[in-house]
Amino acid sequence: MEFVVKDHVLCGYHCMEPDNKWELCYIDILKNAVEIDEPVFKSTWGIRIGKRTFESTWGIKIGKRTFYYRGNLDPVTHSKRFVEIEEEAFGYCSHRNNVTIPEGVTEIGKEAFYGCTCLQSVTIPEGVTEIGDHAFRGCHNLESVTIPKSVTGIGECAFEDCTSLKSVTIPKSVTGIGGWAFQGCTSLQSVTISEGVTEIGDHAFRKCSNLESVTIPKSVTGIGKCAFEDCTSLKSVTIPTSVTEIGSWAFQGCTSLQSVTIPASVTEIGERAFADCTSLQSVTIPASVTEIGERAFADCSSLQSVTIPASVTEIGERA
């Protein structure tokens with residue numbers, strides 16, 4: 001195996017093995033590279049990455065789409081030299097079960113592990129501050145993930161459609177949960193959101209059909225559109241006094257939700273916020289609310305009573 005390294009960037013290699021993509025070519029030692037260019041190993045199914053491949057004297061940056069569609073990949077657990085994992089770096093690496101991201105990495109780029117369908121567990125080390133948009137989207141077998149206290153942001157769709165993910169703890173260092181971050185995580189049963197999160201993004205937990213309960217911390221000021229829509233197993237939710245607005249469709253279709261207490265800080269209940277909550281029997285609307293959106297409680301067939309305070313100046317059509 002002969003490497004092409006220019007200005008400490010790995011930009012290519014020459015395999016001396018027979019010209020057959022299914023032939024195993026063992027890459028051994030690559031020294032003095034600080035970056036792997038896009039996309040050096042893309043779709044090279046016949047290449048096995050050796051344990052000493054990334055034994056570099058430098059920190060290594062894994063470039064965009066570097067290992068995209070690599071079927072037989074094991075470099076993540078073999079190196080402690082990585083400093084950055086860029087967009088789609090390991091996208092669709094479908095033969096990797098467990099990933100331990102090494103210390104030194106500070107950011108997991110957009111779609112970094114998108115579509116790694118065999119991935120079962122991920123350990124993210126202290127030091128990572130950002131989990132990029134779509135970073136683990138479509139990892140259907142991902143059962144567990146450890147999010148460290150250094151992470152401040154979880155990007156849009158970061159764990160969308162991780163249909164085997166059962167629980168997640170979001171540390172207090174995180175200030176925002178991106179839109180669609182956990183949408184379609186149909187096995188998710190419990191979510192711990194720590195103090196520090198101020199915003200739950202649009203569609204953040206939409207269609208988490210096994211989610212039974214969620215406690216929203218007092219630091220949260222806004223619940224986005226469709227944030228918990230179609231969480232059909234959700235029986236209870238605690239909305240803190242810090243929340244000022246409940247977004248449109250926020251709890252629509254939560255067919256197991258039986259009661260909800262809206263705190264005195266809320267001024268607006270969005271359109272269809274609790275529509276189709278067919279088990280909802282009672283709701284308390286505080287005197288702080290001035291607007292109830294269109295169809296906010298539409299088709300809540302079990303709702304027996306509701307008291308609308310004098311503070312409400314606008315009630316939407318068919319509310």
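This section describes the strands, core, cysteines and one buried valine of a predicted model.

The overall make-up of the chain comes first. The secondary structure consists of 27 strands, with 0 helices assigned. Of the 319 residues, 51% count as buried. Among contacts with a separation of 6 or more, 30% link residues that lie 24 or more positions apart. The exposed surface of the chain comes to about 13,800 Å², and carbon and sulfur atoms contribute 44% of that area.

A convenient place to look next is the open sheet built from 4 strands, which follow one another in the order β14-β16-β18-β20 with parallel pairing. Because β14 and β20 (236-238) stand at the edges and have a single partner strand each, one side of each is left without a neighbour in the sheet. On average, neighbouring strands here are turned by 5 degrees against each other, with direction ignored.

The pairings can be followed across the sheet from β14. This strand runs parallel to β16 and is joined to it by 4 bridges, with Val 168 opposite Val 191 of β16. The step from β16 to β18 is again parallel and comprises 3 bridges; here Thr 192 faces Thr 215 of β18. Strand β18, spanning residues 213-215, then pairs with β20 in the parallel sense over 3 bridges, and Thr 215 stands opposite Thr 238 in β20. Thr 215 thus has Thr 192 and Thr 238 as opposite residues. Strand β16 also shows two faces: Val 191 and Ile 193 make up the covered one, whereas Ser 190 and Thr 192 lie on the uncovered one.

Turning to the interior, the largest nonpolar core contains 72 residues, and the members that touch the most others are Phe 136, Phe 159, Phe 205, Phe 228, Phe 251 and Phe 274. At least two residues of this core come from β14 (167-170), and at least two from β16 (190-193). Phe 136 gives a good view of the packing. Beyond its neighbours within four places in sequence, this residue contacts the aromatic side of its surroundings through Phe 113 and Phe 159, together with Ile 101, Ile 108, Leu 119, Val 122, Ile 124, Ile 131, Ala 158 and Cys 162.

Val 260 offers a second close-up, this time within strand β22 (residues 259-261). With 3% relative accessibility, this valine counts as buried. Its C-alpha atom is separated by 6.7 Å from that of Val 237, although the two residues are 23 apart along the chain. Leaving out residues up to four places away in sequence, Val 260 touches Val 237, Ile 239, Phe 274, Leu 280, Ser 282, Val 283 and Thr 284. One of these partners, Phe 274, is also among the core members that touch the most others.

The cysteines complete the picture. The count of disulfides is 0, and two residues show what lies behind this. The sulfur of Cys 231 has its closest cysteine sulfur in Cys 208, at 5.1 Å, which is too far for a bond. Likewise, the sulfur of Cys 254 is 5.1 Å from the closest cysteine sulfur, that of Cys 277, and is therefore too far away for a bond. Cys 231 is buried, at a relative accessible area of 0%, and Cys 254 is buried with a value of 0% as well.

Note on methods. Residues are numbered from 1 along each chain as its sequence is written. This is a predicted model: local features need pLDDT of at least 70, side-chain atom pairs count only at pLDDT 80 or more; totals for chains, interfaces and linings use all residues. Side-chain values use heavy atoms; hydrogens and water are left out. A nonpolar core is a set of buried Ala, Val, Leu, Ile, Met, Phe, Trp, Tyr and Cys residues joined through side-chain atoms within 4.5 Å. Buried means under 20% relative accessible area, exposed over 50%, partly exposed in between (1.4 Å probe, protein chains only). Contact means heavy atoms within 4.5 Å. Two strands pair if DSSP finds at least two bridges between them. Axes are lines fitted to C-alpha atoms, for helices over the stretch in contact, and angles run from 0 to 180 degrees between N-to-C directions. Accessible areas come from the Shrake-Rupley method with a 1.4 Å probe; for residues, only the protein chains shown count as cover. A disulfide is a pair of cysteine sulfur atoms within 2.5 Å.
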